[in-house]
Amino acid sequence: MIKETRITLKNVRKINPEKIEEYIKAGGYLALQKALTQKPETIIDEMLQSSLRGRGGAGFSTGLKEKFTSDACKTCTDRFIVCNADEGEPGTFKDRIIMERDPHLLIEGIIIAGYSIGATRAYIYIRGEYYQSIKRVELAVKQAKKAGYIGQNILGSGYSLDVEIRLGAGSYLCGEELTLLESLEGKQGYPRVKPPFPAEKGLFGLPTLVNNVETLATIPAIVEKGAKWYLTLGSKDSPGTKIFTLSGDVEKPGYYEVEMGASLRALIYDLGGGIKDGGTFKAALLGGAAGTFVDQSVLDTPMSYDLLKEKGAVLGSGAIIVISESRSLPEMTRSILDFFKHESCGKCVPCRIGTAHLVQMFQELTTKTSETKPTLDDMINKAEYMSKTSLCPLGQSPILPLQSLKQYFSNQF
Amino acid sequence: MGTISIQIDGKVVQTQSGKNLLKVARENSIDIPGLCFHPRISPTGACRLCSVKINGQDSLTMACTVSVDEGMTVTAFDDELEQNRRQTLEYLVAEHNIEDDGTYHDELRDLIERYEIDVDQVHQTISLQENIVFKTDNSSPVLSYDASKCINCFRCVKGCCEIQGKEVLAMNERGLKAHIIAGFDQWDESECDGCGECIQICPTGAIVEKPHREDFLIDQVDQTVKTTCPYCGVGCQLELLVKDNTIVRSNGVEHVSPNYGRLCVKGRFGYEFVASPERLTHPLIKKNGVLEKASWDEALDLIALRFRAIRENYGSSALAGYSSAKCTNEDNYLFQKFIRTVFQTNNIDYCTRLCHASTVTAMIRAIGDGAGSNSIEDFETTDVLFIIGNNIIETHPVTATFVKRGKTRGNKIIVCDPKWTPMVKYADIWLQPKLGTDVALLNGMIHIIIQKGLNDETFIKNRVKDGLAAFKVLEEQTSKYTPEMVAEITGVPVDLLEAAATIYASAATAIIATGMGLSQQVTGTHNVFALINMMLITGQVGKERAGINPPRGQNNVQGATDVGASPVFYPGYIPVTDTANRQKVAKVWNIPVEELDDQPGLTTVELMKAAYDGKIKGIYVLGENPMITDPNLNHTEEAFKRMDFVVVQDIFFTETAAMADVVLPATSFAEKDGTFVNSDRRVLRVRKAVDPPGEAWNDWTVLCELANRMGRPFPEYKNSEAVFEEIRKVTPMLAGISYQRIEDQGIQWPCPDETHPGTGTLFTERFNTSDGKAVLHPVDYVPQGEKPSEEFPFILNSGRILYHYHSATMSKRNDSLNAYANRSYLLMHPRDAQKNKLADGDTVKVNSKGGTLVTWLKISDEVLPGELFMPWHYSHSQVNRLTRDELDPFSKIAPFKLTACRVEKTKGIQLDDLK
């Protein structure tokens, strides 16, 4: 039986998220005080040593990102930190819990990360539908300002940072970091050409650190207890903890923070209480729509970035959608393909037309009887073309579920 | 940017570091396909056709988004890349209506052919079209949009936003439903002003023009002619498409200064007047009070006879000529030569007297040159733009695009105008002084600058005549203009005055763009003196990207004066009183110097006064329309009636032609060769595109014929180039310019010899005064003589609008332009309208001491209470029936901007009732 190890969720349901005093009483803002006595480089070093990887889904080294942003454009008078709280990946609801239940932890993480890169302004870009998150974070920012954690000369350190909240307007794509920056600038949510990366030319063309909520909420603990402590958690290639969000055909859906390397079986059966209504496990979709299907052969694989990769799967945002034998995989596939078609912004040709074409092909594949009907391989061909030529991760993603379906469930199509 | 070498498909290419890879490849004949890329907009990376492999990079890269680096090794063509391209094209075909009516160039179609895409097969296998409802929008007067042909490449959106700075177009919806919208949806309800940048930049004919669309096939045009726009003084380079001797389309010439492909609505859609059935096609002679068709011989003989008689009976000074800012340099040059050698008088002037005479007078006295000191491109790169009395977006739309682009780079814009102008939307500060209080405002700004110590002492010491001593005089003289006092006079709040003065004075570089608002006043010259004083004490001149620019209203205002269409200057701004120059010119003209009048002639309005008084008996009017453009028109009309003999040479039967004894049909810009000079002193080629209608003649050919018949023949000029060669000989600043040198791009004067590259910025070394120093002219604010009274409680301001031009002889003969604006109006503040119980749309009668007119009321807070505004283009409501001919004593300009008026409601009428 595995147990949860809570770092980012440590205060959840233990303190009143609308009261800064309770957060402080629980040890809040101590990490910030410590950080402000250190040199920014020292904090970045600590992040590098901790091997913390971005928890939004891409898994890029947080320390490296900070270093790149901090080193970029030394002559720029402004640089920004942007918290990506536009949580939109299907099956993912980890950031929401942090924002609703412990918003000050996020804010503390933002200020520390901002300090480490010399940010002059922070933006929190929250998914517009997250009413409660918006309310709680707004209140927390207000309280933190009043308490002197945000604003001019924070805690007498000489460091100043303003925090501003901006809301998303319902586009999945705006959770993609460059599209998010466009949206923050007041423009339509279209992805930018990469490179340049945000670290070099981000918001308004200035160096910008974009981090996910969970990533930022991990930072105070690392600052407080050190990288060494953090490395004792999790597995070798993926240290630390991760929040997994269980949904679908599982007895106890919800959010669970565990050490990296826990198996899918442990998550579903130990924490999730097993398959709903005593059903049988058929598949799990890891990482949301832009994720991968796995079958029971992956149940005992430790959930870590690299080991999952070996199995042709992704960890992604930590979403686990459990699928029992009673479900039709083709139906789920159709819904995923519809989702991509619906969310494609239409800027680049391969994605705009490719996502629609995949829907058409899948319709033919599942309904047509003739020999000319497309096969899963035909679809994978198109998806591969899309992944090579599309402008942003959206068009590059349909290959992930399709490839995994072929690997694990080719008999179902 | 150092020279580097890269490899594309094994070919070694020398290029500059940082250049765009797709551009580099195409320049080296490596034709990587691509539809969303256009060199004038930022890379988009949307069509994904230009994907390449770059050594050392895992994934494919779009060539259009890459800057080249030393040693870069690129694969542009291999099986995989070509397979991807084919797939992308198939997708575009699947999504699109690829039918094409042949009236535009379709870049997608080119690629379909190049890649041999089987269209039918694609449609059989991928069926997307039936799922999409394609939007069409035909609501604009000038263009239509069809989403079924749109590939969502963003070129039009970026053209509208990045190139024109208008931000009207955007993408709406997403995925397959994505399409272009103007404003919030409908084109005709948006702020689209019809510039057509989107049409020119669209690769697939999704956005196409309406006019003449059906008249021709793009691959069957007879010729494409590069020439210069005949409207305002930006000097945009046009590419005219000609079919059956008719202009059927106009595009901006890509990548060539000064417009770099951009146009405004007039440049793109204003060419219809050339083929108007109302063109003059035969000479007309007044017989028994009626103008009747005549032969050229008859007309020319009569003119020679009558002008000769006047010269013999009343002397040379009884003759005069009105030259034209719409004609070429060659026309203007020979016209002034005609007036000086055939009429033997300096009584030659033209409409510049009515627009920038005061500006030019002040500039010549203070800094030695009346022309703009900077290049149009500098409007984008300077740090601060001070735009005063200049509705730049409407009057110089393409220059304004540079200003707007500068804004996106963080430049500051200060607008000073009593009336709201569209540039206010982009401005950091809008100063809205009451009409006629400019000297107080500018003296106030000078006072603030000195108080804050923001004056540039080194510049004053080194570059201003009498240095700090002269500055002291100015300091003392402006000391009484405290911010509070100035706020009281002008109505501009103290904090705005201080902010504007500070921003201007402390900028690294600042450019002034001044206009009619400042110049067309009784105090016009003083206004500009005050402005120049501010510029001189802050050192915002004499360096790159700083100076003063009066953008020219007409296509060739600059050139007409440059080549001597002036009562006081010979070609090259050499005073008529300069004996050495007259001797030099007489030699070139091969006449005895004694025959050249050595006294300044009469100016435009003076000419009309002299005619009224019976002193001028005969006048030759070349392409001007004083019966609309002169102030106090009732007086002008009487002056024309009193003259013995009036000749009007024009392309249309104008209001002035109606006063003529002989009317001669001339050629429009599209029917002649020659040159224009634009606002930034760029000499630009004008080229013949179509044959003139009927028996219309070239202006300068008429002059040669007449000179002959009046016994003072000109040498035989083979063509316009031969005339220009003579211009070079007598105009030192143009001496280095030849037709050959300006074949591709214009050259800015001064250009003293053939090795000289031309001059982008004036005064970097010295001012064009005798000692090379600038001169301060301290001036005092004098309240306007024209004041509101009980009888005339309003002050009327007049000005231009985007869709019309000057007296509208050309612009009103374009359906497209009329569709946007065909009716005069009077702007009145809502408070005044309420007080006078007037409603929007009411027909109103406007009275001044000088006259009366009828127009329609528009209630708008664009004007201050107590002030009114009217566009002056319309012949059905002639603003100049109201204006005065009280002149600025220094420049003789008339106060078009300030007329005391009364407004009363009158019986409602329609436009047709006035025609």
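**Close-up views of a predicted two-chain model**

**View 1. A bridge partner pair in chain A opens our tour of this predicted model.** Here A:Ile126 has A:Leu167, in strand E3(A), as its bridge partner. Step back a little and you find the two strands concerned: E2 (residues 121–126) and E3 (residues 162–167) of chain A run parallel and are joined by 6 bridges. Helix H7 (residues 131–146) of chain A completes the picture, forming a right-handed β-α-β unit together with E2(A) and E3(A).

**View 2. Four strands of chain A make an open sheet.** Reading across, the strand order is E3-E2-E1-E4 (chain A), and the pairing is parallel. E3 and strand E4 (208–212) of chain A stand at the edges; each has a single partner strand, so one side of each lacks a neighbour in the sheet. On average, and ignoring direction, neighbouring strands of this sheet are turned by 20° against each other.

**View 3. Helices H6 and H8 of chain A meet the strands of the sheet.** Helix H6 (residues 103–117) of chain A packs on the sheet, where H6 touches strand E1 (80–85), E2, E3 and E4 of chain A. The direction of H6 makes about 150° with that of E1(A). Helix H8 (residues 177–184) of chain A lies across E1, E2, E3 and E4 of chain A, and runs at about 110° to E1(A).

**View 4. Chain A meets chain B.** Take a look at where the two chains touch: 21 residues of chain A are in contact with 25 residues of chain B. On the chain A side, helix H13 (329–343), helix H14 (349–367) and helix H15 (376–389) each supply at least two residues. Of the elements on this side, H14(A) gives the most, with 8 residues. By residue type, the chain A side that touches chain B divides into 9 nonpolar, 8 polar and 4 charged residues.

**View 5. A buried aspartate sits in a loop of chain B.** B:Asp661 is found in the loop between strand E26 (645–650) and strand E27 (662–665) of chain B. Why does B:Asp661 count as buried? Within 10 Å there are 20 other C-beta atoms, and a residue is buried if that number is 20 or more. Leaving aside residues up to four places away in sequence, B:Asp661 touches B:Lys286, B:Phe645, B:Val646 and B:Val647. For one of these, B:Val647, the C-alpha atom is separated from that of B:Asp661 by 6.0 Å, with the two residues 14 apart along the chain.

Technical notes: Residues numbered from 1 in each chain as written. Chains lettered and ligands numbered in written order. Predicted model: local features only at pLDDT ≥ 70, side-chain atom pairs only at ≥ 80, totals over all residues. Pairing = 2+ DSSP bridges. Right-handed = clockwise from strand over helix to strand, strands pointing away. Buried ≥ 20, exposed ≤ 12 C-beta atoms within 10 Å, placed from the backbone. Contact = placed C-beta atoms within 7 Å. Nonpolar A, V, L, I, M, F, W, Y, C, P; charged D, E, K, R; others polar. Axes fitted to C-alpha atoms, helices over the stretch in contact; angles between N-to-C directions.
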